[in-house]
Amino acid sequence: MSTVLGVDVGSRMTKAVVLDVEAAPGREILGCGKVYTHFDLADAARRAAAAALEDAGRGAGEVAYLSATGYGRYQVADRDLQITEMTCHARGAVELMPGVVSVIDVGAQNARAIRLAPSGRVLQFRMNDKCASGAGRFVERVAKALEIDLEEVSGLALRAEQPCEISSICAVLAESEVINHVTNGASIPDILQGTHVSISDRLASLVRQVGAEEPFALTGGVSRNEALVRALEERLEMRVQRHPLAEYAGALGAALLGRQRLHARAHAVPT
Amino acid sequence: MYAAGIDVGSTQTKAVVLDEGGRIVGRGIRMTGADVVRSSEEVLAQACASAEIPVEAVEYVIGTGYGRFRVTAGDDQVTEIGCHARGAVHLFPHTRTILDIGGQDTKAIRVNEKGEVLDFCMNDKCAAGTGRFLAAAAEVMGLGVEEIGPVSLESTERLKITNVCTVFVESEILNQLSRGRRREDILAGVHRSIAGRSASLLRRVGMEPELTFTGGVARNPGMVAAVEERLGLAVNVSEDSQYMGALGAAIFAVERARAGASRQEASR
């Protein structure tokens, strides 16, 4: 029984998804894995793939097709195909949350707003990859300045009573600003939720550029941040759909598109 | 008669004390920190101590910089744009354009021969092109901010830094290092990147020579070289570049003190 592997090499995390080549729709995901990217992108892809295969209980020898996406996609060794993140994220989001028409994928360094046709085809997209103002790094930097573990940010921010106003758009200048808030006696939850509100403003305007419409989904690592999701829901006045595997949307999309290629190849008339 | 200027910047607070003839007799500097009031009081005390005069001998104090309204000793406030312009023209009378790169913002200022501001343009929205960008690069490399300029001058291979965002550039630098690029070449690329952003600010105000480079970053020889290379002209840099705002404020303070003194005499 052969498998298809999709690998998404992001700037912070590298994710991989293993699919069964023949399984019925809805039952094809066999395993997932994610690792910190660090600096050797080829190595990150190998480690993520190994983690996903282990999760699936499958051997590397069974992989019939490997497709890569993410900013490090060209560094993935032995890949059969590389696909842009936009296409993969759209495909993955539709698979996880059928029917969504607008999606925002927020990673560590990029935010991508995508408008989809009911068929799942990408109609329009907008991306911020120039600066950390509207990406996960913004939250990461603030957390670091406050000496808080990134995984604890959401839980703390949910306890906010009156979110602080964070006026700096720049992640670096925001670090000084939050330190000032601490000095002036603001609580950590209020500062963190203020940060979420601030980033949500920018995410919401990115989504509006492609037309924000429900059903709306958030994918990428940031989708695990419950407090930020609430801030975004308030800003957009819309419900934000998520999925436990939303962080793997890109890798899943790559794997699904890879599987499609594999099937097309199998059915092609040999020349 | 003595007068002083205090410049409360985002990173450092500076003070300059002038005598009646406008000569610098004392300087003080320290990190601004969270307590702006205290740092402004301390730099004034420091400047007075270096001038060997009691603080009470200072007749007029002007505050400038982003924390100027919290300078308790200040009799008045003047914007940092006006103060930088005044200070630069005082030290280099042929100055027509000023580039001020501070810890958190960068300004291009065009002035007339009297040091009056004709136009200015500033980046304070983002750390790109400011001292913070350099500080971030230095930190990633494990070097001090005062070390990176001289190191960048040892570059032998041209390397382009593509990220504008300070946060992203940190990863880019680590990436370049992991690929075996030399830190000298990476740092030269970082300096050229800031010089490029400075050049576009200067274009927007319509740069005219002579150009005087001020702010803490002007003390970085790598930055001076990168700016000169980019603009194709020699720039004025003073030993007191980081005191330029405080100096300008002190010059205004001397003028006010003189005017005040003559007013008092006239009313007698």
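Here are some worked exercises on the predicted two-chain model above.

Residues are numbered from 1 along each chain as its sequence is written, while chains are lettered from A and ligands numbered from 1 in the order in which they are written. In this predicted model, local features need pLDDT of at least 70, side-chain atom pairs count only at pLDDT 80 or more, and totals for chains, interfaces and linings use all residues; side-chain values use heavy atoms, with hydrogens and water left out.

**Exercise 1. The interface**

Work out how many residues of chain A and chain B are in contact, and which residues of chain A lose the most area to chain B.

Solution.
- Step 1: Start with contact, meaning heavy atoms within 4.5 Å. On chain A, 16 residues touch 16 residues of chain B.
- Step 2: Turn to buried area, the accessible area (1.4 Å probe) that two parts lose on being put together, summed over both. The two chains bury about 1500 Å² between them, with 60% of it on carbon and sulfur atoms.
- Step 3: In chain A, the residues that lose the most area to chain B are A:Phe39, A:Val172 and A:Leu173, together 39% of what that side buries.

**Exercise 2. Polar links and the elements behind them**

Find which side chains meet in a salt bridge between chain A and chain B, and which element gives the largest share of the side of chain A that touches chain B.

Solution.
- Step 1: Apply the salt-bridge rule: a side-chain nitrogen of Lys or Arg within 4 Å of a carboxyl oxygen of Asp or Glu. One salt bridge is found across the interface of chain A and chain B; its partners are A:Arg141 and B:Glu170, at 2.8 Å from N to O.
- Step 2: Count polar contacts (N or O atoms within 3.5 Å; within protein, one must be able to donate a hydrogen and the other to accept it, and residues adjacent in sequence count only if both atoms are side-chain atoms). Five residue pairs between chain A and chain B are in polar contact, both residues at pLDDT 80 or more.
- Step 3: Look at the elements, where helices (H or I, at least four residues) and strands (E, at least two) are DSSP runs numbered from the N terminus. Both α3 (136–145) and α5 (171–183) of chain A supply at least two residues of the side that touches chain B. The largest share, six residues, comes from α5(A).

**Exercise 3. Two sheets in chain B**

Give the strand order of the four-strand open sheet and of the five-strand open sheet of chain B, and say which helix packs on each.

Solution.
- Step 1: Two strands pair if DSSP finds at least two bridges between them. The four-strand sheet runs β8-β7-β6-β9 with mixed pairing. Here β8 (117–123) and β9 (211–214) of chain B each have a single partner strand, so one side of each is left without a neighbour in the sheet.
- Step 2: Within that sheet, β6 (97–101) and β7 (106–111) of chain B run antiparallel and are joined by five bridges. B:Ile98 has B:Ile109 in β7(B) as its bridge partner.
- Step 3: For angles, axes are lines fitted to C-alpha atoms, for helices over the stretch in contact, and values run from 0 to 180 degrees between N-to-C directions. Helix α6 (183–205) of chain B packs on this sheet, touching β6, β7, β8 and β9, and makes about 145° with β8(B).
- Step 4: The five-strand sheet has the order β3-β2-β1-β4-β5, again with mixed pairing. Its edge strands are β3 (24–31) and β5 (76–77) of chain B.
- Step 5: Seven bridges join β2 (12–19) of chain B to β3(B), and the two run antiparallel. Helix α1 (36–51) of chain B packs on the sheet, touching β1 (2–8), β2, β3 and β4 (58–64).

**Exercise 4. Backbone details**

Locate the cis peptide bond that ends at A:Pro215 and the one that joins B:Pro209 and B:Glu210.

Solution.
- Step 1: The bond from A:Glu214 to A:Pro215 is cis, with omega near -5°. A:Pro215 sits in the loop between α6 (188–210) and β9 (216–219) of chain A.
- Step 2: For B:Pro209 and B:Glu210, omega is about 0°. B:Glu210 is in the loop between α6 and β9 of chain B.
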